[in-house]
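Student: I have a chain open in my viewer. Can you take me through it with short questions and answers?

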Amino acid sequence: MSVLRNLESKIADLVEGAFSRAFRSEVRPLEIARRLAREMDLNATHSVSRTYAPNEYVVYLSPEDRERLAEYEDALVVELSGYLLEHARAERLELLTQPSVELETDDRLRLGEFGIQARLVQSHGTGARAADRGQTMIYTTADRLNESLEEAARPHRATAILRTADHRYVVAPEGARIGRGRDCDIVLADPNVSREHARLRPSGGAWVIEDLGSTNGVRVNGRRLAAPCALSPGDRLELGTSTMAFELE
């Protein structure tokens, strides 16, 4: 079992143990953890050779959820920070500092709703200032899956398929590097494709495509990527002059 899955199991154990008394129908800690990892992926920033992830996160909770969490808040914050650190290592994301998680109350939120703001902040040793402040993503009760704790602790991920006019590629569970180079998992014979052009990787229950600093970029449904993008079945990917359809099985 990977370190990341160990952390998922640890958080799940907390849910089934002490946290279960407070989180039967409210926001679940594991749900927060998985959404934090998703925000880390979606708000990553690309440089020439590295991908930097946000290192500070604020989780906004309804007054009712915050009150129920108060007794366990310190323990949960430590677990969530560790979860994000291991997620960044697993996804090869660079962090300027160890990730921090802060919980806040927002009176506008109802029971079961929560918001997350991800920020990339420069080192505190140089006088911290926000280098990139993302929007606050709100997860409403309508967005949340009605699933058991066992299902929540197990990633739901269908097999990814990339289809060209001539080939059908089955993506491995850990993802695939796409490019012109022979050491890529999916090799495209296209001079407009970089040697290591893009990477398709799992994240939570979804599949994410990211540009690996290619010359000609990656487009999803005609729009050029500026950050990693979660894909949906039927999405059209363009790498150089090559076109691929994303499917799930």
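Student: Which element of the protein chain has the lowest mean pLDDT, and which the highest?

Tutor: This is a predicted model, so confidence comes up early. Helix α5, residues 149–152, sits at the bottom with a mean pLDDT of 40. The highest mean, 96, belongs to residues 236–239. The lowest is thus α5, and the highest is strand β17.

Student: How many contacts beyond near neighbours in sequence does the stretch 145–156 have in the model?

Tutor: The chain averages a pLDDT of 80, and 76% of the residues score at least 70. Over residues 1–5 the pLDDT is below 50, and that stretch has nine contacts beyond near neighbours in sequence. Over residues 145–156 the pLDDT is also below 50. The contact count for residues 145–156 is 25.

Student: What is the strand order in the open sheet of five strands?

Tutor: The pairing in this sheet is mixed. Its edge strands are β11 and β16, each pairing on one side only. The order is β11-β10-β12-β13-β16.

Student: Which residue of β13 stands opposite A198?

Tutor: Strand β12 (residues 198–203) and β13 run antiparallel, joined by six bridges. S203 of β12 stands opposite A206 in β13. A198 faces D211.

Student: Which residue of β16 is the bridge partner of I209?

Tutor: β13 also pairs with strand β16, residues 229–230. That pairing is antiparallel, over two bridges. The partner of I209 is C229.

Student: Why is strand β13 described as largely enclosed by the rest of the structure?

Tutor: The strand covers residues 206–211. Buried here means under 20% relative accessible area. β13 is largely enclosed because the buried residues number five of its six.

Student: Is D190 buried or exposed?

Tutor: D190 lies in the loop between β11 (186–187) and β12. The cut-off for burial is under 20% relative accessible area. D190 has 4% relative accessibility, so it counts as buried.

Student: Which side chain makes a polar contact with the side chain of D190?

Tutor: Beyond four places in sequence, D190 is in contact with R180, L239, G240, T241 and S242. A polar atom of the D190 side chain also lies 2.8 Å from the backbone nitrogen of N192. The side-chain to side-chain polar contact is at 2.8 Å, and the partner is S242.

Student: How far apart in space are D190 and L239, C-alpha to C-alpha?

Tutor: L239 is among the contacts of D190. The two are 49 residues apart in sequence. Their C-alpha to C-alpha distance is 8.9 Å.

Student: Which element supplies the largest share of the largest nonpolar core?

Tutor: This core has 24 residues, and those with the most contacts inside it are I32, L36, V59 and V101. At least two residues each come from α2 (29–42), β3 (56–61), α4 (73–90), β4 (100–105) and β5 (114–121). The largest share is six residues, from α4.

Student: Which residues does I32 touch, not counting residues up to four places away in sequence?

Tutor: I32 is one of the residues with the most contacts inside the largest core. Nonpolar side chains tend to be buried together in soluble globular proteins. The residues I32 touches are V27, V59, L61, L80, F114 and I116.

Student: How many residues are in the second, separate core?

Tutor: A198, V218, L231 and M244 are included in this core. A198 also stands opposite D211 in β13. The second core has 21 residues.

Key: Residues are numbered from 1 along each chain as its sequence is written. Side-chain values use heavy atoms; hydrogens and water are left out. Buried means under 20% relative accessible area, exposed over 50%, partly exposed in between (1.4 Å probe, protein chains only). Helices (H or I, at least four residues) and strands (E, at least two) are DSSP runs, numbered from the N terminus. Two strands pair if DSSP finds at least two bridges between them. Contact means heavy atoms within 4.5 Å. A polar contact is a pair of N or O atoms within 3.5 Å; within protein, one must be able to donate a hydrogen and the other to accept it, and residues adjacent in sequence count only if both atoms are side-chain atoms. A nonpolar core is a set of buried Ala, Val, Leu, Ile, Met, Phe, Trp, Tyr and Cys residues joined through side-chain atoms within 4.5 Å. pLDDT is the predictor's confidence in each residue, from 0 to 100.
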